[in-house]
Amino acid sequence: DLVPNMKHEIETPAHVVSLRGLGLEGITREGDALVIGPMTTLEQVAESPLIIEHLPALADAVGQIAGPQLRVMGTLGGNLCLNTRCLYINQTYFWRSSLGFCIKKDGDVCHVVKGGKRCVAAASNDSALPLILYGAQLTIRGPKGERVVELRDFYDADGVDNRDLEPGELLTSVRVPIPAADVACGFEKLRERKAIDFPLLNVAVLVEGVDRVKRVELVVSALGAKPKVISLTGKLKGKAFDEELISYAARRAHGSSKPLTSIATDPTWRRAMVPVLVKRALRKLLSPEETS
């Protein structure tokens, strides 16, 4: 994503430094967790036997990013740190200048929310959703040393820069606890074409418990700068995993989701698709043999 953003002068770095030589690739098992190097390519993550066995929703999500040519070059760390996107920023410099720029770059006006003081450019990183539900932790290293951040705390609601990264800091590893046997996680994505396009909406769901659920969580993204985590455990703990639970989760997701016009698609339609994707993902977990 860096190259088109540089062409459009959204990002104007004086130098571009490759991270390929830092040895940050690879997928290994360390005790009860998988550790993924941020320079591991999206293709390697999607096709890794370890990821497919233990984190299938991550393999599914990463396998739907962009197209095969880009997955060969793009990395997991790059997708987790992907810049936010908006109809009014992801344009040529000439287009943006004719409009008067925007709050994210070179201007002080939000063209999505009139009078808005905070950028609402949307997060578009598919890999983040299942990793949030799996409980991923990021190791970040910089001039002040090393720190560990929960992925669900890594993103901020400000679209100008929604990542908890200080100048000079690098993401150096992604650690994901291996889920228990009774944990199921799924991912669904809405986009105009089946490849290349960024998400118009994406959803991840997690259910823990076979007969009676212990935990139910959803993540909905491409709505704003921060993926929205919806915990339903308090209401659904001890309930049966059935169609009634699925319908309730879909209604809650719909009520909590308010898409904006930052993405060039009807927000009313995108909101209507939230319960559709939640139901689709949960039904695949409930009856995988029927939806495979």
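This is a guided tour of one predicted model, moving from the whole chain to selected side chains.

Residues are numbered from 1 along each chain as its sequence is written, and the side-chain values use heavy atoms, with hydrogens and water left out. Because the model is predicted, local features need a pLDDT of at least 70 and side-chain atom pairs count only at pLDDT 80 or more, while totals for chains, interfaces and linings use all residues.

**The whole chain**

Start with the full chain in cartoon view, where the secondary structure comes to 12 helices and 9 strands; helices (H or I, at least four residues) and strands (E, at least two) are DSSP runs, numbered from the N terminus. The radius of gyration is 19 Å, close to the 19 Å that the globule rule gives for 292 residues, so the chain is as compact as a globular protein of that length; the radius is taken over C-alpha atoms, and the rule is 2.2 Å times the number of residues to the power 0.38. Along the principal axes, the C-alpha atoms fill a box of roughly 55 × 45 × 35 Å. Colouring by accessibility shows that buried residues make up 49% of the 292 residues, where buried means under 20% relative accessible area, exposed over 50%, and partly exposed in between (1.4 Å probe, protein chains only). Of the contacts (heavy atoms within 4.5 Å) with a separation of 6 or more, 59% are between residues 24 or more positions apart.

**Strand E1**

Select Ile-27, which is in strand E1 (residues 27-30). Its C-alpha atom lies 7.9 Å from that of Leu-50, although 23 residues separate the two in sequence. Leaving aside neighbours within four places in sequence, the residues in contact with Ile-27 include Val-35, Ile-36, Val-45, Leu-50 and Ile-51, and also Thr-40, Gln-44 and Ser-48.

**Thr-84 and its surroundings**

Move next to Thr-84, in the loop between helix H6 (76-80) and helix H7 (93-99). This residue is buried, with a relative accessible area of 2%. Display polar contacts, which are pairs of N or O atoms within 3.5 Å; within protein, one atom must be able to donate a hydrogen and the other to accept it, and residues adjacent in sequence count only if both atoms are side-chain atoms. The side chain of Thr-84 makes such a contact with the side chain of Lys-104 at 3.0 Å, and a polar atom of the Thr-84 side chain lies 2.6 Å from the backbone oxygen of Gly-159. Not counting residues up to four places away in sequence, Thr-84 also touches other residues, among them Asn-90, Ala-121, Ala-122, Ala-123, Asn-162 and Ala-225.

**Aromatic rings**

Beside Thr-84 in sequence, select Arg-85, whose charged end sits over the ring of Phe-198, 3.8 Å from the ring centre; a charge sits over a ring if NZ of Lys or CZ of Arg is within 6 Å of the ring centre and within 35 degrees of the ring normal.

Now show the aromatic side chains, where the count comes to 3 aromatic pairs. Rings of Phe, Tyr and Trp (its six-membered ring) pair if their centres lie within 6.5 Å, and planes under 30 degrees apart count as stacked, over 60 as edge-to-face and the rest as tilted. The rings of Tyr-88 and Trp-95 have centres 6.3 Å apart and planes at 45°, so this pair is tilted. Tyr-88 is partly exposed at 21% relative accessibility, and Trp-95 is partly exposed at 32%. Tyr-93 and Phe-101 also form a tilted pair, with 5.4 Å from centre to centre and 55° between the planes; here Tyr-93 is partly exposed at 36%, whereas Phe-101 is buried at 16%.

**Salt bridges**

Finish with the charged side chains, among which there are 14 salt bridges, each a side-chain nitrogen of Lys or Arg within 4 Å of a carboxyl oxygen of Asp or Glu. Select Arg-163 and Asp-161, whose closest N and O atoms are 3.2 Å apart; Arg-163 has a relative accessible area of 22% and Asp-161 one of 37%, and each counts as partly exposed. Glu-217 and Arg-215 meet at 2.9 Å, N to O, with Glu-217 buried at 9% and Arg-215 partly exposed at 23%.

Arg-283 forms a salt bridge with Glu-243, the closest N and O atoms being 3.1 Å apart. Because Arg-283 lies in helix H11 (residues 267-286) and Glu-243 in helix H10 (residues 243-256), the pair ties together parts that are 40 residues apart in sequence. Arg-283 is partly exposed at 35%, and Glu-243 is partly exposed at 37%. As a last selection, take Arg-147, Asp-164 and Glu-169, which are joined into one network by salt bridges that share partners.
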